[in-house]
Each structure stands twice: as structure tokens, then as C-alpha cells.
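Thank you all for coming. Please bring up the model on the screen, and I will walk through a few of its features.

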Number of protein chains: 2
Amino acid sequence: MALIVQKYGGTSVGSLALIHNVAAQVARVHARGDGIVVVASAMGDETDRLLDLARALIPHPEPRELDALLATGEQVSVALLAMVLCSMDIPARSYTGAQVRVRTSAVHGKARIEGIDTERLRADLQAGRVPVVAGFQGVSEHGDITTIGRGGSDTTAVALAVALKADECQILTDVDGVFTTDPRMVPQARCLARVSFEEMLELAGQGSKVLHLRAVEFARKYNMPLRVASAFRRGAGTLICEEESTVEAPVVSGIAFNRDEAEFSIFGLPDEPGTAYRLLKPVSDANIEVDMIVISASPQGRSDLSFTVHRDDYVQTKRIIEAILKGFPESTLEATDRVAKLSVVGVGMRSHAGVAARLFETMAREAINVRLVSTSEIKISLLVEEEKLERAVRALHTTYALSVQD
Amino acid sequence: MALIVQKYGGTSVGSLALIHNVAAQVARVHARGDGIVVVASAMGDETDRLLDLARALIPHPEPRELDALLATGEQVSVALLAMVLCSMDIPARSYTGAQVRVRTSAVHGKARIEGIDTERLRADLQAGRVPVVAGFQGVSEHGDITTIGRGGSDTTAVALAVALKADECQILTDVDGVFTTDPRMVPQARCLARVSFEEMLELAGQGSKVLHLRAVEFARKYNMPLRVASAFRRGAGTLICEEESTVEAPVVSGIAFNRDEAEFSIFGLPDEPGTAYRLLKPVSDANIEVDMIVISASPQGRSDLSFTVHRDDYVQTKRIIEAILKGFPESTLEATDRVAKLSVVGVGMRSHAGVAARLFETMAREAINVRLVSTSEIKISLLVEEEKLERAVRALHTTYALSVQD
């Protein structure tokens, strides 16, 4: 008898008909005799609706109270889902994060899960019942309701799977699995049967919206096999697990991309220690996350600095940098929010040379200017003009033989 | 420094503007240095919306899950109200029934409050904070979310006031207080400054919608002064407390009425023990509440039985009674759902004769047929044709000098 944790996201429980669909899926697992714990998110746009309600009332709601408000979204979902299961003669019980108890830090809005009491869930499982747990929420040591941040239901599911020593944590969603790249951009994109935690971390970090980075990190830390599959269609989906040394990994597993980039390039800075710090510290002090950073030498003992931020932070970052550059009269700034990042990811890069060379060859053939490059052990990221992104992704998808027909 | 528990009902928190209004009222109490605990219901029709959601999914939702679902309604209200208070620099904290803890029996949908832990609330009050508690809900000894039945927020407020030994429990609502009768029917109706628990129990039991019977019973049991006042307008409202022997009570305090009655009269039943039981037991077995019951002798050793039920139960009751009457071939049935009940209530009746005589005199003068009568120590109830109700109430309001100008 296996023990499975299944997580259904907001789009999977977005309507009453869909809740019936989820119940039918849960019933299948229950019928084959496996233990199952279900984690559900709030229905569709419910979290946004509640957030709008609070913000219509006051611009900056107290975080403790905002958490108490938002937590009702998942409570509604799990109660409805448990009702339907009960009506199918499947003994189900809904639980809030506080009931389970999902113990978290007291940082409202982005609490961290510190532990999960499994006593009640184990009793349910032993009695053949199906616990249906509200994702995204927990309880602080003071008994206050907390939320663990957007997309936190994935993390709740993994944390539950780890605490219960489940055999697998399944994230059931509106895609069939993890693809070589976004199938909306490249119709030939292929669903990967298996991907390593490391690759998934790079893909999630580089813009693949399938899974939350935090949930993947959590799963890797405890070596909990994660499966991403469709909540609507049958199919094995993608298994995310430890890299298997016996199987030769493909050189490149997938291509992630992210359109929400803005680029700042400052030319002719003095080539001396602390210059980058003087420029980037005020940006990070403004709570703006800097993504790619490239520093390169330029003639006459000067250097150039380029970095990217989220496009939403473009205007504020520009203001900050322009103010600082008054102290560097010889430097010039070029800034644009019309750039996109793409990342080629694959554990096979570790043992294969030539991945970068083929990448630049492809970009040259397509006449796409590579504005910035940054690399990690299993990833190469490029910044290109936004209008060239689609062509770049398609060309690289072919270069690395990722398509279905290859 | 006084300690006040204030309860705001669904219409008082029915919109974002109204939540600001409630916050302003709470702020006034807080500003004068009194301790205050707020109890709030779900916003407007939220409970009905959630109920509809569940019933659209399945006809008979599991009671445990329905409670988990419905409890979100009050959780939303208290979180929003606490947010607004915080934004006004009033340190407020919302609590669910489970957080407080409002301990209840495990009978989902109509749990009984067994006790309230006051530790956390007392700590808040001592620190000058305002606890905002979700009404209508609690937690069973197994940690399950329970609800205590419709209108239960009044009961939550009284239970909290009793547990905290508050000076007064205030029910802030959409009326100015308890009136001599419904002002929509009798424009001269007067708001009572003070009414005894017993009178309020009779008024609430006889159709006055201002307060829930259960909350009044609870308050009387623990002698907790209850005040009903407007959530929207200034005014002292009505204080409900123990009868004061020093003050001479008015003979009649008020007239309650209830249109939702259906009457069954069975004539020519055998006048022998057990007949009423044979007729009424199947009705109560069908969970139909029988209200007034009158048995009277008729000629030739036979007797007549009349009783009333809620109008919604008319059809089902008729079916039950007709089936039983097949065993009583000599009896005849008259049934109607076009009747209404009115009740004249006043503790002064105990020491004043002639209340009933003046009542029948008034009915005779107005040519209104009294179909049934039942009496208690401080109440006389009449059943009349529904179309005569309004005339009867107005005439009696004048007879007992209840109007403003009297």
C-alpha cells in the first residue's frame, strides 16, 4: 500500500464541476487501496477576490488579519471537496492548517513551515479516511493563522509528504507535466518523463511556472519524489527526483524563459573596488531583486556593469541608478525594459562540452544579438531583445533536439 | 473601567462602508477607556451564499464539512473589522471560535457552547487590545470546527460576556431597540427603555425578531444585562435585565406577532386517553414543531383538538393528519395556513386582573374572531385570521396604551 500526497491548485478546484472531477480522481486512488492525503488551494480567483476586498477597505491591511482573511479561501475549498467525497461514501475530513497543525514561523504573509503534527492525519489514514488539508496556511506558536506566501500550497503538499514519509508527492495542475519549453511557444515541445531536482530548480527559477521553486527545494532537501501531472487528463506526467547516475542524462532537458526583464548597462565606470557595491546596494535596499549581474573590463582602466531586474521595478531602479550616476560623471547609462531572458538547462552539461558553442552558433545563425550571458554548472542564461525571444527559443529547441519528432 | 461585549450582526457588517461604521463605534468605546470585546457575524448574505454553494454541489452536505465551510463567513468579517481597527491605531486582533476557544458539543450545525477559554482575551484586554471574535462558531473537543445554529452570534456574545464577567452585553443591530410592537405595522410603537428577561423571552418566542430566544435564556440564566441598540444611530436602546421589584411594571410591555402559522382543527374525536398522543406523536416524529395546542370537550362524549405548526410544515402535517384520521371515521378536519398569532406580553399581568377581559373586549369591538387562545403567566396568545392581524395588533396597542403619545 502506497501513501500519496496529491495537491490540487486553484484552477483544478475553480468551479463546482471541477471539484467533482478532483473528487473522482481522489476516489480512484482510494479505491485501489492506497493511502491518500489531499492538499487543495483556494478556488480560482478567490485569493485575489479576498485581497481586493481587504484593499478596498484599507490600503495596507495588518498582515496578521490579512492572513486570517486569506486563509478562508482554502478552508472553503477543502470543506467543499470533503463534502463531495463524503457523498461518494469516501470518509473524508477537511482540515485547516491550524487544525493539522502546520506549524510555521510568525512572519505573516510569508511564514516558513517549521513542522507538521501528523498524529491526526495518521489516525485518519489508518482508519481508511482521506484527510483534505488546506494548502498555503499554517499556525504560529501563538496560535495565529499564518500564510506561507503565494503558491505555498505546493510547499504544504511537499512538507506533508515529507512529514508523513509518503511515497510520492503529486502536484496535479492544468498542464500535463514539465515540458522541454512552453508548448504555447513551441508546439513541438515534449513532456519530460523525468527530470532531476537540480534541473527543475533551474527551470523553476528561470521562469517555468509549473512548480514553485520553494517546493522543489523542499522536495530535494528531503529527497521526496515529486510528480507533476494533469488534474484533468490521465497521464504519468513528469517525475522529479534525484539524478540517476546509471542513466545517461540528456545534455539539455529544457528551455525556460522569462519576459519580465529590464536591463541596465552602465559604461565607463571607474575600475576600482566598491563601485558595483555603490550602485547595487541602494537597489537592493529598495527591496528590488537584482537577477543577472555581469561586470566586464573596458579600455582605459574603466569597467562596465550590466544587471537585470523585474520589469515592474524598472522605473524605480532607473531613478535610483540615475541619482547615483551623478557621482560618476564619466559613465553613461543604457536602460531598457524590452528584454527577455532564456535559459538552457540540463544536468548533462556537466559532462558535455560544446553546449555553449552550439548555443552561440545558433544565435549567430538566427542573427540574434546576445546582450548578456550568465552560466551555472547546469544552466546557460541569455538576455535577448524581447521581440527575438520566440525565434531564439524555437531555434534552440531544434538545436538541442528537444522536439517530439526528434 | 467597564467591560463591554458588543455584537454586530450581518446587516451591520454587510458592506465595506458599514464595517467602517462599526469600527468607528468600537473606537468610541475604546477611546473612553472601557474594555471592549467585539463579536461579529458573517457579512450580509454570506452564510446563505456559502450554503447555496454547498447545496449546488450536493443535496445533503456532511454536517462537519458544512460547519467548516460556513465558519469562513464570520472569519472574513472579523479579519476585515480588525484590519480597519488596526488602521485606526486601535490594536485589534481577530479570533475564530476555535482560536478563542469557544468550546462546544460536537453536534454540527447546532452545537451547544460548553465553555469559553478567556486567557487570551484577558491578556488582550489587559494590554488595551480589542479582541474581535467570530460569532456563531466554536470548536469541539476533537478540534473540529462547529457552528451553533442560525442567529448563534447573539449567543456567542452573551457567552463571552458571561465568561469574561462583562458589565453589559450589547447587541447592535438594525433596529433602535425592543419596541412595544413592530413599528412597521404600528407607527406609534414605542422603543422600550427596559424590559425584563421573562418578557423578552416571551416576545422573542412569540415572533419578535430582535433577539434570539437562546441568547436571552443564556443571559437570564447568568443574569447578564443585555442591551439591544442601533448599530447605525446613537441611542440607549433597550436594556434587558432582571425585573425590578421596586418599580411598578406596566401591565403590558409589548405585542409580538407571527404570520407563519398554520392551524389544524379536528372535531368529533373520541374523548378518551391517548387520542391527542396518537395524532400529535407522528407529527413530532416528522420533526415538525407543534406550537399552540388546545383541547376542548364537545357534545356526546367527544372532544375537539386544535393545534398550530409553522406554515412551511403545513402540507406535510396535513398529509400525516389525514392518514391518521382514517382511523377516526367520525371526525372532521379543518385546516388552514392563512392564520397568524399575536401575543400580548407583560410581567404586570401577574398582579393585574382584567388584561384578558380587555383583550376580548377589543377583539369583539373590532369584530375579529379569536380562533385559539393560550395563556402563560405573563402572556396571552391569540390565533386570528391573517388578514385581521394588523387590525388586531393596532387595536390592542391602543387598548394597552403602548403608543408614544399615551
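A:Ala367 is exposed, with 8 other C-beta atoms within 10 Å, where exposed means that 12 or fewer other C-beta atoms lie within 10 Å of a residue's own, buried means 20 or more, partly exposed means in between, and C-beta atoms are placed from the backbone. This is a predicted model, so local features need pLDDT of at least 70 and side-chain atom pairs count only at pLDDT 80 or more, while totals for chains, interfaces and linings use all residues. Residues are numbered from 1 along each chain as its sequence is written, and chains are lettered from A and ligands numbered from 1 in the order in which they are written.

Staying with A:Ala367, its phi is near 55°, a positive value in a residue other than glycine, and the residue is found in the loop between helix H11 (355-365) and strand S17 (372-376) of chain A; helices (H or I, at least four residues) and strands (E, at least two) are DSSP runs, numbered from the N terminus. A:Asn287, which is not a glycine either, has a positive phi of about 60° and lies in the loop between helix H9 (275-285) and strand S14 (290-298) of chain A. A:Asn287 is exposed, with 8 other C-beta atoms within 10 Å.

Another backbone feature is the cis peptide bond from A:Val100 to A:Arg101, with omega near -10°, and A:Arg101 sits in the loop between helix H4 (97-100) and strand S4 (102-104) of chain A. In chain B, a cis peptide bond joins B:Val100 and B:Arg101, again with omega of about -10°.

Now to the chain as a whole: chain A has 12 helices and 18 strands, and of its 406 residues, 48% count as buried.

How do the two chains fit together? Chain A can be laid on chain B with an RMSD of 0.1 Å by a turn of 180° and a shift of 0.0 Å along the axis, the superposition being by least squares on the C-alpha atoms of residues with pLDDT of at least 70 in both copies. The two copies are thus related as by a two-fold rotation axis, and in chain A the C-alpha nearest that axis belongs to A:Thr72, 2.6 Å from it.

Across the interface, 25 residues of chain A are in contact with 25 residues of chain B, contact meaning that the C-beta atoms, placed from the backbone, lie within 7 Å. H3(A) gives the most to the side of chain A that touches chain B, with 13 residues.

Key
Contact = placed C-beta atoms within 7 Å.
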